[in-house]
Amino acid sequence: MKIDSSLPLEYSTEENRLKIFGFWIFLGAEIVLFATLFTVYFTLHNRTGNGPTGAEIFELTPVLLETFLLLASSFTIGLGVHAMRLGNKKAMMTFFIITLVLGLGFLGIEIDEFVTYVHEGATITTSAFLSSLMTLLGTHGAHVTFGFFWGLAILIQVAKRGLNPQTANKAFIFSLYWHFLDVVWIFIFSFVYLKGLIS
């Protein structure tokens, strides 16, 4: 395995570069998935039937908190990648742990939000609006949950094997995934919650 030391560790081999390229292609497929879910939501958001509207169930405070947690986690994972490129394993792991804790906080608020909706009679079978909303939010939440466990696995590998071309490549690809989820959330925050609260 030829290592190019002039490049960051995660790009230092041909295999690593191909894996990163392949992951960008995967993210393209993820964009199509979420674009489809957004399209369904925008098509059905006025189909509330006898159920509540977004303005009736959305609460700004928890959504702002979720947004802060995810945006902060995007910042900390960026710091983690920077520390990784400097070869600082301890700082890299610390920032990745903070990222996962912030992600866990996000999931806790989202689960509480779903429980509140259900207690208010707003379930996935109540209306087409709620069905499309919960499918969109649930899919994003499932991705964050998967990301949490993926990040945990990478931390374990880095702790055992240190920073090398393989672990750095995995950590960098994970950071791309996490940033992608943050971007998706910005769209959810803007076009689902804010639009729903003012309509």
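**Exercise 1.** In this predicted model, classify Ile 186 as buried, partly exposed or exposed, and identify the surface feature to which Ile 186 contributes.

*Solution.* Step 1: the relative accessible area of Ile 186 is 33%. Step 2: buried requires under 20% and exposed requires over 50%, so Ile 186 is partly exposed. Step 3: membership of a patch requires over 30% relative accessible area. Step 4: Ile 186 belongs to a nonpolar surface patch of about 510 Å², together with Phe 42, Leu 71, Val 183, Phe 187 and Phe 191.

**Exercise 2.** Determine which helix supplies the largest share of the nonpolar patch.

*Solution.* Step 1: Ile 186 is located in helix H6. Step 2: H6, spanning residues 165–198, provides four residues, the largest share of the patch. Step 3: the unreviewed UniProt entry records a transmembrane region at residues 171–194, one of several such annotations.

**Exercise 3.** Compare the reach of helix H1 with its expected span, and state which helices help to cover its buried residues.

*Solution.* Step 1: H1 comprises residues 14–44, 31 residues in total. Step 2: from first to last C-alpha, H1 reaches 46 Å, close to the expected 45 Å. Step 3: the buried residues of H1 include Phe 23, Leu 27, Glu 30, Phe 34 and Phe 38. Step 4: residues three or four places apart in an α-helix point the same way, because there are 3.6 residues a turn. Step 5: the cover over the buried residues of H1 includes helices H5 and H6.

**Exercise 4.** Describe the secondary structure and end-to-end distance of segments 64–84 and 129–159.

*Solution.* Step 1: residues 64–84 are 100% helix, with end C-alpha atoms 30 Å apart. Step 2: residues 129–159 are likewise 100% helix, with end C-alpha atoms 45 Å apart. Step 3: UniProt lists both segments as transmembrane regions in an unreviewed entry.

Notes: Residues numbered from 1 in each chain as written. Predicted model: local features only at pLDDT ≥ 70, side-chain atom pairs only at ≥ 80, totals over all residues. Heavy atoms only, no water. Patch = residues over 30% accessible without salt bridge, like charges linked within 9 Å, V, L, I, M, F, W, Y side chains within 5 Å. Areas by Shrake-Rupley, 256 points an atom, 1.4 Å probe, with all protein chains shown as cover. Salt bridge = Lys/Arg side-chain N within 4 Å of Asp/Glu carboxyl O. Helix = DSSP H or I, 4+ residues; strand = E, 2+ residues; numbered from the N terminus. Buried < 20%, exposed > 50% of the residue type's maximum accessible area, 1.4 Å probe, protein only. UniProt positions renumbered as here; feature names shortened; annotations may be inferred. Expected span 1.5 Å × (residues − 1). Contact = heavy atoms within 4.5 Å.
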